[in-house]
Amino acid sequence: MKITIITEFFPSQKSLDIHGGIEARTFAFAQSLAQKHTVVIITSYEKGKPRKQVLNNIFVHRVGPQRVYGRNNAIFPRLLFTFHAFWKALLTKPDIIEGAGFFGYIPAYFASFINRSKRTILIADTVESYVTDVSPVIKFLLSFIERFIFFLTWDAYICISHTVAKKIFQEHKENKKIHIVYCGVDSNLVEKVKTKKTPQKTI
């Protein structure tokens, strides 16, 4: 089976140059799927990373103009990523497309609609919870778009917790399309992390 995942950022090294939770989850998820399936990642063309690569049997395509990682004042680069990701997803013609994160939702939905592929959406949280650096008007607009996307027709909604699911779907336990898949960690990798002990608890 061919599976395409659209996510805004993705690591380029096995040592995991990861910026956030969705990126970490997507890497672990893709790495597991790649053992039995063809997995294609469509992500943004981050500075210092190759345009194309194969990482742990995962085919990674970085699209759009080169950019640096950042959340603040990055609306235009993100919109360009959405546009380029849509066209790239059309060309991959997968059996399943997943939109991972807000800017992966729209290209995943429309590319899957045109290709008649199955489509899934990964929901880590809502805009209201994690967007804090924009004006109230922009936040309201993003929340409206997000709600609209959630209630489009998806073959599966993947939420990282029951708490997230309840924010979006009132009776989520009765909806067979909603799946709770918790985020995990690579225990072998964590055990290799060396830190100095301090009197205060730290993460």
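**A tour of the sheet, starting from strand E6**

Start on Thr-120: its bridge partner in E7 is Ala-156. The model you have open is predicted.

Select both strands. E7 covers residues 156–159, and E6 pairs with E7 in the parallel sense over 4 bridges.

Now colour E6, residues 118–123, by burial. Of its 6 residues, 5 are buried, so the strand is largely enclosed by the rest of the structure. Buried here means under 20% relative accessible area.

Turn to strand E5, residues 96–100. E5 and E6 also form a parallel pair, with 5 bridges. Pick Ile-96 to find one of the contacts in register: Lys-118 is its bridge partner in E6. Then trace the chain out of E5. The path runs through helix H3, residues 102–115, before reaching E6, and this β-α-β crossover is right-handed.

Keep H3 selected. The helix lies across strand E1 (2–7), E5 and E6. Against E5, H3 runs at about 165°.

Zoom out to the whole sheet. It is open and has 8 strands, ordered E3-E4-E2-E1-E5-E6-E7-E8, with mixed pairing. Go to the edges: strand E3 (52–55) and strand E8 (178–180) each pair on one side only. Look along the sheet for its twist. Neighbouring strands are turned by 25° against each other on average, direction ignored.

Last stop: strand E2, residues 38–46, and strand E4, residues 58–67. These two run parallel and are joined by 7 bridges. Select Ser-44 to see one position; its bridge partner in E4 is Val-63. Show backbone hydrogen bonds here, since strands of a sheet pair through them, either parallel or antiparallel.

How values were computed. Residues are numbered from 1 along each chain as its sequence is written. This is a predicted model: local features need pLDDT of at least 70, side-chain atom pairs count only at pLDDT 80 or more; totals for chains, interfaces and linings use all residues. Side-chain values use heavy atoms; hydrogens and water are left out. Buried means under 20% relative accessible area, exposed over 50%, partly exposed in between (1.4 Å probe, protein chains only). Two strands pair if DSSP finds at least two bridges between them. A crossover is right-handed if, with the strands pointing away from the viewer, the path from the first strand over the helix to the second runs clockwise. Axes are lines fitted to C-alpha atoms, for helices over the stretch in contact, and angles run from 0 to 180 degrees between N-to-C directions. Contact means heavy atoms within 4.5 Å.
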